[in-house]
Structures are given as structure tokens and as C-alpha cells.
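Me: Could you take a close look at the aromatic side chains of this protein, and set them beside what can be said of their surroundings? I would rather have one connected account than a list.

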Amino acid sequence: MLKQRIRTVVVYFLICLALFLFIQKPLFLLYNWNHGTSACSLHDLVDIYYHGFALDLASAAYLAFLPLLLVWASLLWSRLKVKPVVRVYNLVVAVALALITTADAALYEFWEFKLDATVFMYIDDPKNAFASVSVGYVLLRVLIVALLSAVYYWLLMWPFRHESAEKPSRWYWSSLAMLLMGGLLFAAARGTRIWPNTPSRAFFSKTTYLNHSALNPMFNLIYSLGKRDAFDKEFNYFSEEERARDYAGLFPTSGETVDTLIHERRPNVLVVVMEGFGSLFIKSLGGMDDVAPHMSRLVDESIAFTNCYCSSFRTDRGIVSVVSGYLGQPTTSIMRYTHKVNTLPGLAKTLRENGYDTQALYTGDISFFGMSEYLLASGHDRLVSEADFPSEKRTTKWGVPDHEAAAWLYDDIQRRSQSKQPWYTTFLTISSHTPFDVPYHRLADKKLNSFAYTDEAIGTFIEKLRKSPAWDHLLVVITADHGFNHKEIASPDFPFIPFLITGGAANAPRRIDTYCSQTDIAATILGQLGLPHDDFLFSRDVTADTYRYPFAFNTFNNGFNLRDSTGYTVFDNVADRALFGADQRREHVGKVILQTLYDDLANR
């Protein structure tokens, strides 16, 4: 009986390992083959399997622990029937693995990072979580999950297809054998090196896609769940004394504005945040030729900051970076935490305290991911969303398309500009987002066409506004929430975004080539208005005399970009090394910023 039960556990472990090696990994590779510009060669495939094997082994060991304990118990207590318990366990495991396998492969094209605890941020709102995809897309993935669940369940049950009819062994031999097997499983799960297994074990390449192909999604999910919310324990690279010393001067929060960009003390202020609209689409910022002619023209007609980096890679981080000047976090999103969001400053909040009437316009579901809570906390007195538009206007998956939102905003501006009270509006566009279903058909490429549509909608809106009386007392800021995943989020090119200042209250057009970050927008605008911004800890007035070290800082999923006059560094925290532009000083500065950010996040 003992030999058979040992064989059962060993076979179960090997089947779990085979699920990762011959089903999960190939499905991920096939689904995301030639992702972005990342071609996958035979040599790459060998490296993917070789470097990912330790974590595949660890994940199989995790799954085999409970069957091992059940087998052990059955050896000590012969009346115990293992199969009924194992049926329930394997059903749960089969469905969970099927969901993990499918979600990891299917979501990668949208998220560009491996499945981790982030997925649970969206689970409370499945309507919006699936707004980017069609019904057919969802139904096909549900079918795949069902088929994988059936296959996984059948394979996992195969070692238990027969109950043993042998006599039980002596308890001490059984216990010794099971303890030995348990030790082997523990060694596989932990790893045989001095330090335990971490996701970095699978990282071997400068190409993030190859590292992610090697990384087991189940292991990464379990590991990330254990790291959630312990912000003061993350990124502790330096002693507090060293961190404080090297952080000093990186983000000055005060200073005298020495470069005046506007000529009106209290203009009306409109901040347009364009969904995913990286500079790569804008010809006059070095981007594509025919995607965004309106934005390209606006660069030449505005005060254009030509070297601006976005702060992060998703909208929930990007809007906080624009409005609150708060750095995007590489492993979480502050928007998830209502009690922390309420402690943030806000451009709208500061302007409201100085007599402005404030509102935000987002024509999707504004309750998604805590957006409404954040916008209210950051000082917007009124929120306008898809619910404020008639149903016939909500013609896309995300809600009301950009040209309809811009038309509503134009009329609203004309009305509000009749008042003597100055006003402020944040306008976040939605149409240049998957599934890219826009009422516009100029370009053949569906993604590029959606950005061309948003360019047309916003460009037409600005031109119409320019001809109205409201333009004379208006300050318009145009930027993006993040770049676009045209290559990889971890690439040096991803973070570049537009930062334009125009309107009748702005001075003559010119280009400002100084490096800056998306988080600097709030302090720079407040500095131009002569208002304090001391509570914006990570926002610098780029036009102030205290802005002496120009640099741009951006985070992607557990990594950061830092660019200054000496070059750029893309650093992966999981691999603990630079993917591009290795430089000891820039890496040190980036780590100091991350440690400071997470210390501040923990204390909010």
C-alpha cells in the first residue's frame, strides 16, 4: 500500500508540473506570439523553459501538498476514503488553474504584465472590467476555461482512479516516507538556494515579454498576494538617513516662478487628459506621421513641454498623477484605498479653496475602480458621467464617445464663462481605449484609427473653442493619462506624453525641452497662478528657480524609468537589474524615489 500511495503522490506532482510545462506555458506563448516587437526564437524558447522551470516546480509542489497529507492520513487511518475529498480539491484546483491560464494569456495584450493581485482590484466591477472586450470575446474565453477545467480535472484525478486494496503499512514507515516526500516538496516550493523562490528567479532577458513567458502565473499570483499592502516593507533599499539625504532636492515643493507662461491671474482652467495618447502618435513630438494631425498642429500653436514623461502605465495611476501630482506606484494603486485617497492634495481642491467652481467630466462609468471617490476627494464638486447623457448617446463599450463629450463640454464652457466666478474642469477622454470602437473610419488599423478619432474630436473642439468669447480668459492644459503599449511598457519610449498649455490666457507658443514628469503639471499650473503647492510632495514647478535637476520618472509593473540629461535607465525590480541604460547613479536615484514613495504611501 505504501509503494502505491507514494507512486500516487509522485504521479500527481508530475501531472501538476506537466500542466504548467505543456499547457499553460504553450498557451501563453501561442496567444502572445511576437508580442509587440518581441520575436521569440528557438533559443528564447529554451531559455524560457530553463529559467522558468524552478517556479513551475514550486507551483506543482504547492498543489501536491494537500494530496500528500490526505495520502498520509489514509495510511494512518485505513477507513479514510481519499477519493471523495480529492474530487472536491481537484475540482477547485482545475477551475482555478483554468482561470489563471486563460486570464494570464488573454489579459497580457491589454496589461503587459503577468497575472498578479492586481486582478482583484477589478473583481468588484465585472461590467467595467470587461468593457474593453466584446461579448463574443468573453464567451470564447468562458468556453476555453470550461474545456481546460475538464481537461485539468481529468488529469488530476487520474492518479486516484483506483482505491488501494493493499494492507496498510506500519505507521512509522509510512510517516517516515511521507515526511521525506514532504521535505522534497518543501524544497521544490522554497527553492534550494539560500533565499526562497521569488518571481525574479524566472527573469533572464532584457526583453520583458520573454521574462513574463518564463514566469509561472500561479506562483506570481500567490507571491503578489503575500506582498499586498505592506508598503513600508517594500523597496527598503537604504537606511532612513541615507534615503533622506539623497532624496533632498529631488522634488522641491516651493520656489519662485521665473518663467511666466500666462498673462492672466485667475483664468478659467480646463485640463484635458487624453486616454493612452502617447507622444508616439504626434508627428511634431517625433511620432507617427498621419495619426494625430490636430495634436501635431496644437504642439506648434501651444507652449509645448517636449520631454514630458507619464508617471505610470494605467489610468487609475495617471489621473492621480495629473490632478494630485502623486507618483504612480509600480505594485498597487492608491485609488484603491479611500482612506488614503482622502489625504491627497488636488489641483481642483486648491483651486476650489481659491474661489473656483470645479467639476470633472468622464463619460464612462465613473464608479469604476473608485474613480468617483477619487475625483470628489481631489476637489471636484460636480461629476459628469455617462449617466448624465441620454441612452442614445452611449454608443460605445466604454460609454459616450469623445466627440459627444466634447460637444457637451463646449456648451458647458459657454454657459459657465458667463459667470464672474472662475471655473475649473478635468476632462478625461475614453475612446482611444480597447476595444477601440469609435464612430470614425479614417485609418485601416483599428487601434490607430481610435487615436485618430480622439485627435479629430479634441482638435475640432479646441478650434471651435478658440473662436468663442470663452477662449479669451481660458487656460487649456492638454496631456495624457499614460503612453500607449505600442511596444512594451518597460521600453524607454513608452512614457513620453504631450504636455501642452494653450488658450487665450497663455503667452505666445514656444517649445520647452526641459525634462519633466506628468506629476509636475499640477505644481507648474499652480505656480503660474501664484498659488502654493507645498502639499504636492512629488510635483515640481518646472518654471520655478528651485527646479535645478531636471529629470523624468515613470513606473511600470514593478519597475521604473528614469531619464535625465545623462541618459535613461529602465530598471526591473523583480529582476533587480537594469533592462536598458544601466547606470549606478540613475538606478540609485530611482530607488531613493521608490522608497520615499512607499514610505509616504504607508503613512497616509
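**Rings, contacts and cover**

Reply: R265 counts as exposed, because its relative accessibility of 61% is over the 50% cut-off. This model is predicted, and that should be kept in mind for everything that follows. R265 has its place in the loop between α10 (240-247) and β1, and its C-alpha lies 8.8 Å from that of A505, although R265 and A505 are 240 residues apart in sequence.

Turning to the rings themselves, a search of the whole structure finds 29 aromatic pairs. Y62 and F219 form one of them, a stacked pair with 6.3 Å from centre to centre and 20° between the planes. This pair links distant parts of the chain, since Y62 belongs to helix α2 (residues 42-76) and F219 to helix α9 (residues 217-226), 157 residues apart. The two partners can also be described by their cover: Y62 counts as partly exposed because its relative accessibility is 32%, whereas F219, at 2%, counts as buried.

F277 and F451 form an edge-to-face pair, with 5.5 Å between the ring centres and 75° between the planes. Here too distant parts of the chain are linked, with F277 in the loop between β1 (268-274) and α11 (293-301) and F451 in helix α17 (residues 446-466), 174 residues apart. Both F277 and F451 are buried.

Ring pairs also join into a cluster, whose members are F231, F235, Y237, F238, Y337 and Y598.

Rings can have charged side chains as neighbours as well. K114 lies over the face of F28, at 4.0 Å from the ring centre, and the charged end of R540 sits over the ring of F551, 4.3 Å from the centre of that ring.

For the surroundings, it is useful to set a nonpolar surface patch beside a covered helix. L140, L143, I144 and L147 make a nonpolar surface patch of about 350 Å². Within this patch, L143 lies in helix α6 (residues 135-157) and is partly exposed, because its relative accessible area is 47%. An α-helix has 3.6 residues a turn, so residues three or four places apart point the same way.

Helix α12 (residues 315-324) is, by contrast with the exposed R265, mostly covered, with 10 of its 10 residues buried. Among the buried residues of α12 are T315, D316 and R317, which carry polar or charged names in the list, together with I319, V320, V322 and V323. Just after α12, G325 takes a positive phi of about 60°.

The cysteines complete the account. A search of the whole structure finds 0 disulfides. C308 is accordingly in no disulfide, and the nearest cysteine sulfur to its own, that of C516, is 4.0 Å away, which is outside the 2.5 Å within which two sulfur atoms are taken as a disulfide. C308 counts as buried because its relative accessibility is 0%, and C16, also at 0% relative accessibility, counts as buried for that reason.

Terms used. Residues are numbered from 1 along each chain as its sequence is written. This is a predicted model: local features need pLDDT of at least 70, side-chain atom pairs count only at pLDDT 80 or more; totals for chains, interfaces and linings use all residues. Side-chain values use heavy atoms; hydrogens and water are left out. Buried means under 20% relative accessible area, exposed over 50%, partly exposed in between (1.4 Å probe, protein chains only). Helices (H or I, at least four residues) and strands (E, at least two) are DSSP runs, numbered from the N terminus. Patches are made of residues with over 30% relative accessible area and no salt bridge: like charges are joined within 9 Å, nonpolar side chains (Val, Leu, Ile, Met, Phe, Trp, Tyr) within 5 Å. Accessible areas come from the Shrake-Rupley method with a 1.4 Å probe; for residues, only the protein chains shown count as cover. A salt bridge is a side-chain nitrogen of Lys or Arg within 4 Å of a carboxyl oxygen of Asp or Glu. Rings of Phe, Tyr and Trp (its six-membered ring) pair if their centres lie within 6.5 Å; planes under 30 degrees apart count as stacked, over 60 as edge-to-face and the rest as tilted. A charge sits over a ring if NZ of Lys or CZ of Arg is within 6 Å of the ring centre and within 35 degrees of the ring normal.
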